[in-house]
Amino acid sequence: MEPKNNIYSSVDAAVADIPDGATIMFGGFGGAGFPNNLIQGLARQGARNLKVISNNCGTGDGELGILFKNHQVTRVVAAFPGPGAKHFQEQLDAGEIELELVPQGILCERMRAYGAGIPAFYSPVGVGTEVARGKEERLIRGKRYILEDALGADCALIKAHRADRLGNLVYRKAARNFNPIMATAAKLTIVEVDKIVEVGTLDPEAIVTPSIFVDRIVQAKGLRFV
Amino acid sequence: MSRQGLTREQIAQRAALELPDGAFVNLGWGIPNLIAAYVPREITVYFHSENGILGMGPRAAAGEEDFDLVDAMKVPVTVIPGAAFFSQVDAHVMTRGGHLDICILGGLQVSGKGDLANWRVPGAKGAGGIGGAMDISVGAQRLIVTMEHNAKDGSAKIVNACTYPLTAVQCVNTIITDLAVIDVMPEGLVLRETAAGITPEEVQKHTEPKLRYKGKVPEMHLR
């Protein structure tokens, strides 16, 4: 079987068919590991009514900020929108955006569950807090737990350091964060990397995301908002 | 209110003495963020950052920043020998799964039962953010809260029942403030130490729940 050609020549081509209303996961945390070129491509592409799943909601116009600035987002699932998420905050205050605030470890565990075929799981996090509101609570071996639903998406936009031409990925330092988990939880995973290398040049022991989780690869010069 | 307590730096300095050699530790925002600088030289602790670092070192020097290596506050940091990188899921396997020895977080309110509120002030502007605080509070083997003993308006932050949105229930083991070190025990709050020049009665006056102590309460030592 010939490997399918997953490599895109531009970020714009890689995100061209993302439809209005799509639910999209975005990797990144604290400025590291955001797929900033893909985000810029999505801003140019102009899809609207997007449902965003991301730890943060941008820094000024940077990272996810541009999508909020362009009024492309209507719903957000996040753990820490962040003090710099100016455009997000304005639209939240104006009632233009719906927000579901999720504890960070639960946010990624819900993605992990989805990717692993687990529909829901019991968790101790948020018991007795407003996070537990409306959720089933259950006593397991004398401790209280709440039921958390798995979380999937139509599309994941992620950032890695290197991809081989099949889509095996390695990351760099703390830029890994949510990226490998999101790759498993979306129908379509698009990765931007600093460099695409030949198959066989990445050490199989070091691959973090196996190519089975990756659909599209685009090489783009790192774009960073500090 | 005129009183002489510890500065924020001194609270951090006192909290650093709670860290045993070899411990895996997560530090939150606020005063906890000052603690790393005061870890006694003769011990090694492994700082965990929920964005996927174990063995985080000091801030990167100017000109040597690597923006793929940042802490949870977006500050470029370094790593120490023996450090490891991993995903967000593994970072929270460590928090929620009970693998971290000590976590030190800031606090807005702590109740007499050890409930913690530390992520949102009711009525404050902005969406707020839970971040990793709930996962950390639930899973920490030992949770220390460092904070000012009282709010700016003088109101108690150690309260009978939290009125701010909760982070987790019955999770706090020890509270370290500018006035005292207080342990949350099954029988209630136990006053372990008071700041120099502060009497147990003064600490009680600034604390809602009843404090338990016997005889002379030792002074908070900073090293």
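**Exercise 1. The hairpin and the sheet of chain B**

How many residues stand between β11(B) and β12(B) in the hairpin that they form? Place these strands in their sheet, and follow the pairing to its edge.

*Solution.* The model is a predicted one, in which local features need pLDDT of at least 70 and side-chain atom pairs count only at pLDDT 80 or more, while totals for chains, interfaces and linings use all residues. Residues are numbered from 1 along each chain as its sequence is written, and chains are lettered from A and ligands numbered from 1 in the order in which they are written.

Step 1. Two residues lie between β11(B) and β12(B) in the hairpin; helices (H or I, at least four residues) and strands (E, at least two) are DSSP runs, numbered from the N terminus. Strand β11 (residues 180-185) of chain B runs antiparallel to β12(B), joined by six bridges, and two strands pair if DSSP finds at least two bridges between them. In this pairing, Val181(B) is found opposite Glu193(B) of β12(B).

Step 2. Strand β12 (residues 188-194) of chain B is also joined to β13(B), by two bridges and in parallel. Leu189(B) has Leu211(B) of β13(B) as its bridge partner, and Val190(B) has Arg212(B).

Step 3. These strands belong to an open sheet of 10 strands with mixed pairing, in the order β4-β3-β2-β1-β5-β8-β10-β11-β12-β13 of chain B. Its edge strands, each pairing on one side only, are β4 (77-85) and β13 (211-212) of chain B.

Step 4. Helix α1 (residues 8-16) of chain B lies across β5 (102-106), β8 (142-146) and β10 (174-176) of chain B, at about 165° to β8(B); here axes are lines fitted to C-alpha atoms, for helices over the stretch in contact, and angles run from 0 to 180 degrees between N-to-C directions.

**Exercise 2. A helix of chain B and the contact between the chains**

Explain why helix α2 of chain B is described as largely enclosed, and describe the side of chain A that touches chain B.

*Solution.* Step 1. Because seven of the nine residues of helix α2 (residues 88-96) of chain B are buried, this helix is largely enclosed by the rest of the structure. A residue is buried if 20 or more other C-beta atoms lie within 10 Å of its own, exposed if 12 or fewer, and partly exposed in between, with C-beta atoms placed from the backbone. The buried residues are Gln88(B), Val89(B), Ala91(B), His92(B), Met94(B), Thr95(B) and Arg96(B).

Step 2. The partners of these buried residues come from both chains: α5 and α6 of chain A, together with β1 (24-27), β2 (46-49) and α3 (133-139) of chain B. After α2(B) comes Gly98(B), with a positive phi near 80°.

Step 3. The contact draws 38 residues from chain A and 33 residues from chain B, two residues being in contact if their C-beta atoms, placed from the backbone, lie within 7 Å. On the side of chain A that touches chain B, α5(A) provides the largest share, six residues.

**Exercise 3. Ala133(B)**

Is Ala133(B) buried or exposed? Name the residues that it touches.

*Solution.* Step 1. Ala133(B), in helix α3 of chain B, is buried, because 27 other C-beta atoms lie within 10 Å.

Step 2. Leaving aside residues up to four places away in sequence, Ala133(B) touches Gly28(B), Leu105(B), Asn118(B), Trp119(B) and Thr167(B).

Step 3. Between the C-alpha atoms of Ala133(B) and Val181(B), which are 48 residues apart along the chain, the separation is 22 Å.

**Exercise 4. Two positive phi values in chain A**

Where do Glu63(A) and Arg141(A) lie, and which of the words buried and exposed applies to each?

*Solution.* Step 1. Glu63(A) is in the loop between β3 (50-53) and α3 of chain A, and its phi, near 50°, is positive although the residue is not glycine. Glu63(A) counts as buried, because it has 25 C-beta neighbours inside 10 Å.

Step 2. Arg141(A) is in the loop between β7 (137-140) and β8 (143-149) of chain A, and it too is a residue other than glycine with a positive phi, here near 45°. Arg141(A) counts as exposed, because it has 5 C-beta neighbours inside 10 Å.
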